[in-house]
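Work through the exercises below with the structure in view. Try each task before reading its solution.

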Amino acid sequence: MMRVPIDPVVPLLRAVTRPLAGTPDLVALADPSDPLLWLRGDRGCVGIGETLRLTFTSPDRFTEAANTWRAIAKNAQIDDPVQMPGTGLVALGTFAFADHSKVESVLIVPRILVAQHREAAWITEITEITNSTHAAEASSHEAPAIPTPKPQNPWHATTFEAAPDTVTKYLEGVRKAAETIDKGKAEKIVLARQIAGTLADDADLRTPLKRLADRYLDCWTFAVDGLIGASPETLIRTTDGAVSARVLAGTRGRHPESDKRDAQARDELLTSAKEQHEHAFAVQSVVTALSPHVNELRTSEAPFPLQLPNVWHLATDLGATLKEQSSSLELVDAIHPSAAIAGTPTATAVAAINKLEPFDRGRYSGAVGWIDADGDGEWVIALRCAQVEKAEGGQRRIIASAGGGIVAGSDPEHELGETVSKFRPITEAFGD
């Protein structure tokens, strides 16, 4: 596996895609300790091994990634008779939220990619061509065999805890954010908090991934470089010039034990002036960011309630056509950070986040997804997620993050309760 810095000598890659007769179990094929997965229902892919890893750490990380990937794709040899979204040369990636984060943003090209789109399935083998002999090889070889899934390791539940005083500090942060808004310096500030737990070094991460994929059918379940989650919010999707996105802002916790209470929570969300106001900020920020890059931009007539197992969200879908040949990563760069995960105005909100959040968000609320050789791809906001990290003593550390938008009239205790609801996908997936 190659590691490539920001200014690489462009490697020569070869991607060969072949159709498969059946639809494989993508989660089962994932690496138990370092899975590479992108899945929603009967669509998705799993990466096995690594051929290339690109890393980025600057404020221009999206632009650098887009330019580097364009050069690699232009140089690549691609044999792809399947010709569907996600065939040929593909990289999966995850990007840090903050411009000056110490956490790496990465694009990973797997050695083997097994994928499906509804009833169609395929396998892609991606190799580095190191000499002229390999470059001249014929492309008529058959599809490589699908690797045998590794045996399932026993699962040991993880208990998450908030570090001492972090809840108090979060409540104080919400109050200070509300004061900033009351003074007219901002309209919305998104604040997050973190909880942490430990995993055994041999913990089989396919267990929480399977739980997320089965429970959160309207979300993209992902695992990229230790970032694991299930996000309901599509940041951008581009396919053959078509662009789509989904904006979420405004939340109420679900009450699945009572249909009446659950319907009441949904109706409160739909009729709340505070939640509608917050949602309007988020939609407008995406519309403003996308407008220079697209034509025929359209949105849902009104926000609609998106039902997830843990929460109700206000949602708006957007659609458009590309004005110019921009890659999906360049559109991500244009949108990020949106009001949904930063606030309004963006610069003021990000400055408040830097002041009020006592941690580096890392890849939480950044972008996670995939891109192909044409620049098409699918990227979501990294929400309902946790980062698995190496730790000492045969353990791994897992850090989950969740937050919410603070606007005029926000109540700190309500905002805290909202974060508890948003942690549920991760705490349940990694629990008993």
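Three exercises follow, on a sheet, a helix and the cores.

This is a predicted model, where local features need pLDDT of at least 70, side-chain atom pairs count only at pLDDT 80 or more, and totals for chains, interfaces and linings use all residues. Residues are numbered from 1 along each chain as its sequence is written, and side-chain values use heavy atoms, without hydrogens and water.

**Exercise 1.** Find the edge strands of the open sheet.

*Solution.* Start with the order: β6-β2-β10-β9-β4-β3-β12-β13-β22-β23-β11-β19. These 12 strands show mixed pairing; strands pair if DSSP finds at least two bridges between them. Strands are DSSP runs of E, at least two residues; helices are H or I runs, at least four. Now take the edges: β6 (77–79) and β19 (343–344) each pair on one side only. Then look at β11 (188–200) and β23 (395–406), which are antiparallel over 12 bridges. There, isoleucine 195 stands opposite alanine 400.

**Exercise 2.** Decide how enclosed helix α5 (206–215) is.

*Solution.* Count first: seven of its 10 residues are buried (under 20% relative accessible area, 1.4 Å probe, protein chains only). So α5 is largely enclosed by the rest of the structure. Among the buried residues are Arg206, Pro208 and Leu212. Next, list what they pack against (heavy atoms within 4.5 Å): α1, β3, β12, β13 and α10.

**Exercise 3.** Which helix gives the most to the largest nonpolar core?

*Solution.* Such a core joins buried Ala, Val, Leu, Ile, Met, Phe, Trp, Tyr and Cys residues through side-chain atoms within 4.5 Å. The largest has 86 residues. Helix α7 (273–290) gives the most, with seven residues. Another core, of 41 residues, lies apart and includes Ala121 and Ala429.

How values were computed. Buried means under 20% relative accessible area, exposed over 50%, partly exposed in between (1.4 Å probe, protein chains only).
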